[in-house]
Amino acid sequence: MPMSSLLEQLIDALRVLPGVGQKSAQRMAYHVLERDRAGGARLAAALASAVERVGHCVRCRDFSETEVCATCASAGRDAHQLCVVESPADRLAIEQATGYRGLYFVLQGRLSPLDGVGPRELGLDTLAARLAEGEVQELIVATNPTVEGEATAHYLAQLARQHKVRPSRLAHGVPLGGELEYVDRGTLSHAFGSRSEME
Ligand SMILES: [Zn+2]
């Protein structure tokens, strides 16, 4: 089999991005080579550095270049509230839409036994240890309203109660099946503000 050309390798590499098929990848590759080689070089450098240097915060599991991220390290955040989200994008959505000043815990997924994603893969042992520290009083469960998200929420509520922490859930109004990050700010802000204790 002949080695593929550099152009073919570039098109193939671009397809790792979500939503990018063969046609889009070709268009991107031609665009960079025909019109914006400097931009392409900047993209390549930024990708290489990010992949190499962005890790996870040991406290909240969000993306971070440092061992403890800026939010977790901030003295201005309320350590009595801990909001659990599925993804860094969900965390950002809440941070931008609400006036929340507590801390976060990012699962980087949701419970999905069939895909081999259990409590350990989501760092729930870390979360349990965090709750055992005794500082958290309210665990705000902000998983998505999908079947797996709800199962995860149920598990988190049990974990909270085991540590005498009050679990709360965002009010309904966040559309069913809608991913948190796509909900508009007003709706998210309202759902977050009128959360209630989980049964
Ligand atoms: Zn952190």
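The largest pocket of this structure holds about 430 Å³ of space. The model is a predicted one.

## The largest pocket

Sixteen residues would be a long roll call, but the centre is quickly named. Of the 16 residues that line the largest pocket, Leu10, Leu14, Gly40, Leu43 and Ala44 lie nearest its centre. Three helices each supply at least two residues of the lining: α1 (6–14), α2 (22–35) and α3 (37–53). Which helix gives the most to the lining? It is α3, with seven residues. The lining of the largest pocket has 13 nonpolar residues, two polar ones and one charged one.

## The chain as a whole

The protein chain has eight helices and seven strands. Its C-alpha atoms fill a box of roughly 60 × 35 × 35 Å, taken along the principal axes. The chain has 199 residues, and buried residues make up 39% of them.

## The zinc site

Which residues are the protein donors of the zinc ion? They are Cys57, Cys60, Cys69 and Cys72. Each of these residues binds through its SG atom, and the donors lie 2.3 Å from the zinc ion. The spacing of the donor residues in sequence is C-x2-C-x8-C-x2-C.

The site of the zinc ion is tetrahedral, with angles of 106 to 116° among the four donor atoms. For four tetrahedral donors, the ideal angle at a metal is 109.5 degrees.

Two of the donors can be placed by accessibility. Cys69 has a relative accessibility of 5%, so it counts as buried. Cys72 also counts as buried, because its relative accessibility is 18%, and the cut-off for buried is under 20%.

## Two residues with positive phi

Arg61 is not a glycine, yet its phi is positive, at about 70°. Arg61 sits in the loop between β1 (55–56) and β2 (63–64). Is Arg61 buried or exposed? Its relative accessibility is 19%, so Arg61 counts as buried.

Gln108 is not a glycine either, and its phi is positive at about 60°. The loop between β4 (102–106) and α6 (124–132) holds Gln108. Gln108 counts as partly exposed because its relative accessibility is 29%; partly exposed lies between the 20% and 50% cut-offs.

## Strands β5 and β6

Strand β6 (residues 166–169) contains Arg169. Ser168 is also placed in β6. Ser168 is buried, at 2% relative accessibility. Where does the side chain of Ser168 make a polar contact? The partner is the side chain of Glu138, at 2.7 Å.

Glu138 lies in strand β5 (residues 138–141). With a relative accessibility of 7%, Glu138 counts as buried. Glu138 and Ala160 are 22 residues apart along the chain, and 8.4 Å separates their C-alpha atoms.

Back in β6, Arg169 has a relative accessible area of 14%, so it is buried. What does the side chain of Arg169 reach at 3.1 Å? The target is the backbone oxygen of Thr143.

## Arg77

Arg77 is found in the loop between α4 (70–73) and β3 (78–85). At 11% relative accessibility, Arg77 is counted as buried. How far apart in space are Arg77 and Arg101? The distance is 5.2 Å, C-alpha to C-alpha, for a separation of 24 residues in sequence.

## Accessibility at a glance

The table collects some of the residues discussed above.

| Residue | Relative accessibility | Class |
|---|---|---|
| Ser168 | 2% | buried |
| Cys69 | 5% | buried |
| Glu138 | 7% | buried |
| Arg77 | 11% | buried |
| Arg169 | 14% | buried |
| Cys72 | 18% | buried |
| Arg61 | 19% | buried |
| Gln108 | 29% | partly exposed |

Key:
Residues numbered from 1 in each chain as written. Predicted model: local features only at pLDDT ≥ 70, side-chain atom pairs only at ≥ 80, totals over all residues. Heavy atoms only, no water. 1 Å grid on protein atoms, 1.4 Å probe; cavity = no way out; pocket = protein on both sides within 12 Å on 5 of 7 lines; lining within 4 Å. Points joined across faces, edges and corners; volume = space filled by probe spheres on them. Helix = DSSP H or I, 4+ residues; strand = E, 2+ residues; numbered from the N terminus. Nonpolar A, V, L, I, M, F, W, Y, C, P; charged D, E, K, R; others polar. Donors = N, O, S within 2.8 Å, 3.2 Å for Na, K, Ca; no water. Tetrahedral: all angles 85-135°; square planar, octahedral: opposite > 155°, others 65-115°. Buried < 20%, exposed > 50% of the residue type's maximum accessible area, 1.4 Å probe, protein only. Polar contact = N/O pair within 3.5 Å; in protein donor to acceptor, adjacent residues only side chain to side chain.
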